[in-house]
Amino acid sequence: MAAIATVLVASACSSSSSSDSGSKSSEVLSKDGKGKKITVWLMDDAQKQWNEVVEAAKTQFKNETGADVEIQWQTWSNYTTKVDTALLSDNAPDAIEIGNTQAAKYIDAESFVDLTSVKSKFDNSDRWLDSLAASGQSADHSKTYAVPYYAGARVMIYRKDLFEAAGVTQAPTTLAELKTALDKVKAANAGTANFSALYLPGKNWYSAVSFGAGSFGVDGVIAKSSGDKWTSTLTDPKFIEGISTWNDLQKAYSVGGTTVDETDQDARMAQGNIAAIIGNGWEVGSVIDEKNGNPALKDKLATIALPGAAAGDPTPAFLGGSDLAVPAKAKNAGLGATFLQIFTNTAQQTALAKHAIPNAKNLVDAYKAADKANEATGNAAQGKTWFIPNSPLWSGSNETELKNALSAIAAGGDPATELKKVEAKVVGSLND
């Protein structure tokens, strides 16, 4: 972190006569690319799944700027180390993909060009997915340094055969309907050992915090920023109320998971004694995997956005995904920003929607239309979503402290008491 912090944003020290990475909006986006070639780092997910989108963006970019694009395909393995090195070098790429939970440390270190002045020139920037947009912003959300690329959402994955056998023929649309449905499923399977109508492992903090996030949105879940200081929302009555809702569900419908996280929940569901879990949409594939899952469940699983208090207003989901940014030391920063502008425009994002959740709420309908199985994750992404405190100091240790508190709550502890115990450790480190 100390090394990365030495990188300065090129736009902060450029004059009006400087190269593409200047501070004025006219310099942040450049179409002066004749005879030039830019370098862009993208994950090979795109190469495997939506390379036609990449090629279309390259062609449009060439037509509009005269510049060529060299895509250097990357993998997530050891990627952070590679990015750290590149951002400190004089050979940084001109545009780069990063995981949305990685962005904060680079933003804090001023390793990316400030795109705030040209944000409005990016298609659908006023409709970007809430938490994906937040991940590319400063802690107070006043500035934008990274552009949302694509997302993944957590949903409820459930055994429709078990629900239907219990008399639940319509998917629940509210928490009240969910509880009624789970009561029926639980009663119908009372003879099944260790049966969970809804498996909620105590250390699955993504699920637990989702229930507490409803009153906060992307601004203030777990902690809120004011200037350089973070203050906790863990003991806010509204957050505790949400955690209590999660805890009530856990106690009523989940068996055997108070001291574990969600790591093995797919394998557990494949064993046949779990009717529903909360997980990423792709976990359906893990549950029915031929080697490690149960292929017999292939036609028995369904997904819905986790219901909330009112129909059409799901419990907020945590979005994973990727952002795109322009390194401060990029030699062609203005062209890099223009490529990102083209790569994330409405046409490219609509084409990407055939494969993944696009970056804006108004484009998610195209994703849902591409495959009926996309409806649940699409609905979750279009609803309220939440994100971790956007601080470079948020780390695995903060998550561990929060997991331990939630585990204690799941095992019988009082939500307010247990959250108060870890408040200083979870949030205090953000102010170090």
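Among contacts in the protein chain between residues at least 6 apart in sequence, what percentage join residues at least 24 apart? In this predicted model, the share is 76%.

The overall architecture of the protein chain comprises 19 helices and 10 strands. For a chain of 432 residues, a compact globule would be expected to have a radius of gyration near 22 Å; the value computed for the protein chain, 23 Å, agrees with this expectation. The C-alpha trace extends over about 75 × 45 × 35 Å along its principal axes.

Burial and surface composition were examined next. Of the 432 residues, 54% count as buried. The area exposed by the protein chain amounts to about 17,500 Å², of which carbon and sulfur atoms supply 47%. With respect to charge, the protein chain carries 40 positive and 49 negative charges, and the mean positions of these two sets lie 1 Å apart.

In soluble globular proteins, nonpolar side chains tend to be buried together. In the present model, the largest nonpolar core contains 54 residues. The members that touch the most other members of this core are Met156, Phe163, Trp205, Ile222, Trp246, Trp386 and Leu402. Helix H11, spanning residues 237–253, contributes the largest share of the core, with 6 residues. Another core, of 38 residues, lies apart from the largest one and has Val28, Leu42, Phe122 and Tyr150 among its members.

The surroundings of Leu402 illustrate the packing in further detail. When residues up to four places away in sequence are not counted, Leu402 touches Trp205, Val209, Ile222, Leu234, Leu419 and Val426. Two of these partners, Trp205 and Ile222, are listed with Leu402 among the residues of the largest core that touch the most other members.

Backbone geometry was considered at two loop positions. His141 is not a glycine, yet its phi is positive, at about 65 degrees. This residue is placed in the loop that links helix H7 (130–135) to strand S4 (146–159). His141 counts as partly exposed because its relative accessibility is 24%, a value between the limits of 20% and 50%. A positive phi, of about 55 degrees, is likewise found at Asn194, which is not a glycine. Asn194 is located in the loop between helix H9 (175–188) and helix H10 (205–212). With a relative accessible area of 57%, Asn194 is classed as exposed, since the criterion for that class is a value over 50%.

Conventions
Residues numbered from 1 in each chain as written. Predicted model: local features only at pLDDT ≥ 70, side-chain atom pairs only at ≥ 80, totals over all residues. Heavy atoms only, no water. Helix = DSSP H or I, 4+ residues; strand = E, 2+ residues; numbered from the N terminus. Rg over C-alpha atoms; globule rule 2.2 N^0.38 Å. Buried < 20%, exposed > 50% of the residue type's maximum accessible area, 1.4 Å probe, protein only. Contact = heavy atoms within 4.5 Å. Areas by Shrake-Rupley, 256 points an atom, 1.4 Å probe, with all protein chains shown as cover. Lys, Arg positive; Asp, Glu negative; His and termini not counted. Charge placed at Lys NZ, Arg CZ, Asp CG, Glu CD. Core = buried A, V, L, I, M, F, W, Y, C linked by side-chain atoms within 4.5 Å.
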